[in-house]
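Here is a short structural report on one protein chain. Please keep the sequence and the 3D view open while reading.

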Amino acid sequence: MPTLDPHQVGDVEYLIRNPKSFLGNKPGVGKTAPSIVAASATAIRLYVGCPAVGRTHWKRQVKEWWPELEEKDLMVESHNMIAVSPKARAAAHAFRPDTVIIDEAHRLRGISINPHRNQYNAIPSKTSQAYYGPLTNGVGGLIERAERVWPLSGTPKPNNAGEMWAHLHALRPGLITVHRKPLSYQGFIERYTDFSWTEYGPRFWRNKPETLPELKAILQQFIRRVEGTTTLPPLNWEAVIVDPVAAKETLKALEDLEKSPSVVKLKMSLSELEAAGCAPESVNWSSSDSALAELRRVIGEIKAPTIAGIIADELRDQAYPKIVLFAHHHSVIDALYTELLEYNPVVLTGKTSPRKRQEAIDGFQEDPSIRVFIGQMDACGELITLTAADQVAFVEDSWVPDVILQCAKRLHRRGQSRPVFARMFSLANSIDEGTIRVRVRKAKMDSELLVWK
């Protein structure tokens, strides 16, 4: 049986002492093993909720770290199934687990805002309701009768501090009690964040300075967050700008999209926010105006052939044995696949079946002839290991810094012995360049709230 690293021994002790707490260690240093070992010391029936891509991983890990656990006493289900399938929820409740592990628990952050008579009511996401109940207080959710509930995530709050409310309200409401009553979602964000209301809900700007010490003290009682004792090689980042080499009609379409009102407004907002020193949390590519979404796709499609050409030259010259590429749009992924076909690429997207996902991961890890892994960022940022490569390239950008970091951590994690080189490609003279500045500023804001111990 493998052994735990020193910081993981501390994780086990912490989880046993704190039956309803959050393990938020840095991505890549190992949260799965200590949570299983802690469960083996305390649990009888274990339920694990995870992204669909991680079900096989978790079953293998439980078998490795807790081989005595009988199959009838383990249930591993995807977050999506527990959220949308009444049959899956009924089976989970009938299983009656005494211990629930919620992996990549930042997926439970979803709170939609329902405006009604100038008041905003927080509506938990379907996933949050499945675990924490309709009122996010545990009642009616899978955790209702569980003695131990351990959410796990290396990125507890990918976008704003308000995303911790559901976990605190469901598991440790006493930590956010004011005048003997737990804070509502609106009360929580009003107390701890600076934001403005929009027709789509709150737009977050920063953590509220006057209550930041109070919020940090709360999170330190709820989240164990350590750097880890695993010594990893460096993770090196480089920004690479590529010129817009494309057909004239495509470049004209790009120029027209850059002139659309929503894009002009976004550019102005980014400039104003940068000048003010703010780190906006809800600025993104989504808009009621479809121009932003179209612009993002066009930029990706323009960059893809050029980037693929760069990668092909490097592979041909044996600059490195393998590389991982991340993108967002299927059209961009398809273009990369076509351009790099001679290097036997494997592809993993949100449409890939669980069986083929694992085949793609195992093939890339084990087969020297498979030199390229092409992943969709939202489908690959969690649970998978791609340490066979030490090169990663981001063909498209993400406005959420933690998505980029999580994807890079597929390579930069336990088992990696070489320095990892991460390149982010942006399109020259486009809004694509500006997103990096926003991401850096937001990352600084995150670091003031969740500091590695």
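The report below moves from the whole chain to its sheets, then to selected helices and single residues.

## Overall picture

This is a predicted model. The protein has 453 residues, and 55% of them are buried. Its secondary structure comprises 17 helices and 18 strands. Contacts between residues 24 or more positions apart make up 74% of the contacts with a separation of 6 or more.

## The six-stranded sheet

One open sheet is built from six strands. Their order is β13-β18-β17-β14-β16-β15, and the pairing is parallel. The edges are held by β13 (235–242) and β15. Each of these two has a single partner strand, so one side of each lacks a neighbour in the sheet. On average, neighbouring strands of this sheet are turned by 20° against each other, direction ignored.

Within this sheet, β14 (residues 323–327) and β17 (residues 391–394) run parallel and are joined by three bridges. Phe326 has Phe394 of β17 as its bridge partner.

Two helices can be placed against this sheet. Helix α14 (residues 354–366) packs on the sheet and touches β14, β15 and β16. Its direction makes about 135° with that of β15. Helix α13 also lies across β14, β15 and β16 (372–376). The angle between α13 and β16 is about 175°.

## The four-stranded sheet

Another open sheet has four strands, in the order β3-β2-β4-β7. Here too the pairing is parallel. β3 (74–78) and β7 stand at the edges. Each has a single partner strand, so one side of each is left without a neighbour in the sheet. The twist from one strand to the next averages 15°.

β2 (residues 46–50) runs parallel to β3, and five bridges join the two. Leu46 stands opposite Leu74 in β3.

Two helices cross this sheet. α3 (residues 55–65) lies across β2, β3 and β4 (99–102), at about 160° to β3. α5 (residues 86–95) lies across β2 and β3, at about 155° to β3.

The table lists the helix directions against strands of both sheets.

| Helix | Strands contacted | Reference strand and angle |
|---|---|---|
| α3 | β2, β3, β4 | β3, about 160° |
| α5 | β2, β3 | β3, about 155° |
| α13 | β14, β15, β16 | β16, about 175° |
| α14 | β14, β15, β16 | β15, about 135° |

## Helices α1 and α9

What should the twelve residues of α1 (residues 6–17) span? At 1.5 Å a residue, the expected span is 16 Å. The end C-alpha atoms of α1 are 17 Å apart, which agrees. The buried residues of α1 are His7, Gln8, Gly10, Asp11, Val12, Tyr14 and Leu15. These buried residues pack against β1 (22–23), α2 (32–42), β7 (148–151), α9 and β12 (223–224). One of these partners, β7, is an edge strand of the four-stranded sheet.

Helix α9 (residues 212–222) has Leu212, Leu215, Ile218, Leu219 and Phe222 as its buried residues. Seen down the axis of α9, they fall within an arc of 125°, so they line one face of the helix. The face turned away from that buried side carries the exposed residues Pro213 and Gln220.

## Arg297 on helix α12

Arg297 is part of helix α12 (residues 291–316). Its relative accessible area is 25%, so it counts as partly exposed. The side chains of Arg297 and Glu301 are joined by a polar contact of 2.8 Å. Leaving aside residues up to four places away in sequence, Arg297 touches His329 and Ser331. Arg297 and His329 are 32 residues apart in sequence, yet their C-alpha atoms are 6.6 Å apart in space.

## Two residues with positive phi

Which backbone value marks out His179? Its phi is positive, about 55°, although the residue is not a glycine. His179 sits in the loop between β8 (177–178) and β9 (181–182). It is exposed, with a relative accessible area of 77%.

Asn344 also has a positive phi, near 55°, and is a residue other than glycine. The loop that holds Asn344 runs between α13 (330–339) and β15 (346–348). Asn344 is partly exposed, at 36% relative accessible area.

Note on methods:
Residues are numbered from 1 along each chain as its sequence is written. This is a predicted model: local features need pLDDT of at least 70, side-chain atom pairs count only at pLDDT 80 or more; totals for chains, interfaces and linings use all residues. Side-chain values use heavy atoms; hydrogens and water are left out. Buried means under 20% relative accessible area, exposed over 50%, partly exposed in between (1.4 Å probe, protein chains only). The arc is that of the directions from the helix axis to the C-beta atoms. Two strands pair if DSSP finds at least two bridges between them. Axes are lines fitted to C-alpha atoms, for helices over the stretch in contact, and angles run from 0 to 180 degrees between N-to-C directions. Contact means heavy atoms within 4.5 Å. The expected span of a helix is 1.5 Å times one less than its number of residues. A polar contact is a pair of N or O atoms within 3.5 Å; within protein, one must be able to donate a hydrogen and the other to accept it, and residues adjacent in sequence count only if both atoms are side-chain atoms.
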